[in-house]
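Work through the exercises below with the structure in view. Try each task before reading its solution.

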Amino acid sequence: MTCGSCSTKQQVVTVTDTVYVRPPEYLLKPCAKTAPPKRGTNQDLLQYAISLGQDVDTCNKQIRLIRKWNAQ
């Protein structure tokens, strides 16, 4: 029996650690959805449509940021 530190034969040991990296938390929050108006005037509906468009723009920006983060 030989001592491991006295042995002339070296053994290479490879240890693999899996690290899961997640996107930043602010990119994972649900997209907001504007509530429909309580009243139904044309002006209210127009503002609601504009707000929904802004909601989609915000979500698309979030998706772009996630893709940019993922590409790093």
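## Exercise 1: A buried charge

D55 sits in helix α1, which covers residues 42-71. The model is a predicted one.

Task: Find which residues D55 touches, leaving out those up to four places away in sequence.

Solution:
- Step 1. Skip the residues up to four places from D55 in sequence; the contacts are then A32, K33 and T34.
- Step 2. Look for a charge partner. The nearest side chain of opposite charge is K33, 8.1 Å away from D55.
- Step 3. Apply the cut-off. A salt bridge needs a side-chain nitrogen of Lys or Arg within 4 Å of a carboxyl oxygen of Asp or Glu. D55 has no salt bridge, yet D55 is buried.

## Exercise 2: The salt bridge

Task: Search the whole structure for salt bridges and state how many there are.

Solution:
- Step 1. The search finds one.
- Step 2. Name the pair. D44 bridges to R39, and their closest N and O atoms are 3.3 Å apart.
- Step 3. Recall the principle. Side chains of opposite charge can pair when their charged atoms come close.
- Step 4. Sort the partners by exposure. Buried means under 20% relative accessible area, and exposed means over 50%. D44 has 17%, so D44 counts as buried. R39 has 58%, so R39 is exposed.

## Exercise 3: The chain as a whole

Task: Decide whether the protein chain is a compact globule or more spread out.

Solution:
- Step 1. Count the secondary structure. The protein chain has one helix and zero strands.
- Step 2. Compare radii. The radius of gyration is 28 Å, while the globule rule gives 11 Å for 72 residues. The value is well over the rule, so the chain is more spread out than a compact globule.
- Step 3. Check the box. Along the principal axes, the C-alpha atoms fill roughly 90 × 20 × 10 Å.
- Step 4. Check burial. Of the 72 residues, 10% are buried.
- Step 5. Turn to the surface. The accessible surface comes to about 7000 Å², and carbon and sulfur atoms hold 56% of that.

## Exercise 4: Two residues and the charges

Task: State how far apart A49 and K9 are in sequence and in space.

Solution:
- Step 1. Place A49. This residue is in helix α1. A49 is partly exposed, at 46% relative accessible area.
- Step 2. Take the separation. A49 and K9 are 40 residues apart in sequence and 74 Å apart in space, C-alpha to C-alpha.
- Step 3. Finish with the charges. The chain carries 10 positive and 5 negative charges, and their mean positions are 3 Å apart.

Definitions and conventions
Residues are numbered from 1 along each chain as its sequence is written. This is a predicted model: local features need pLDDT of at least 70, side-chain atom pairs count only at pLDDT 80 or more; totals for chains, interfaces and linings use all residues. Side-chain values use heavy atoms; hydrogens and water are left out. Buried means under 20% relative accessible area, exposed over 50%, partly exposed in between (1.4 Å probe, protein chains only). Helices (H or I, at least four residues) and strands (E, at least two) are DSSP runs, numbered from the N terminus. The radius of gyration is taken over C-alpha atoms; the globule rule is 2.2 Å times the number of residues to the power 0.38. Accessible areas come from the Shrake-Rupley method with a 1.4 Å probe; for residues, only the protein chains shown count as cover. Lys and Arg count as positive and Asp and Glu as negative; His and the chain ends are not counted. The place of a charge is taken as NZ of Lys, CZ of Arg, CG of Asp or CD of Glu. Contact means heavy atoms within 4.5 Å.
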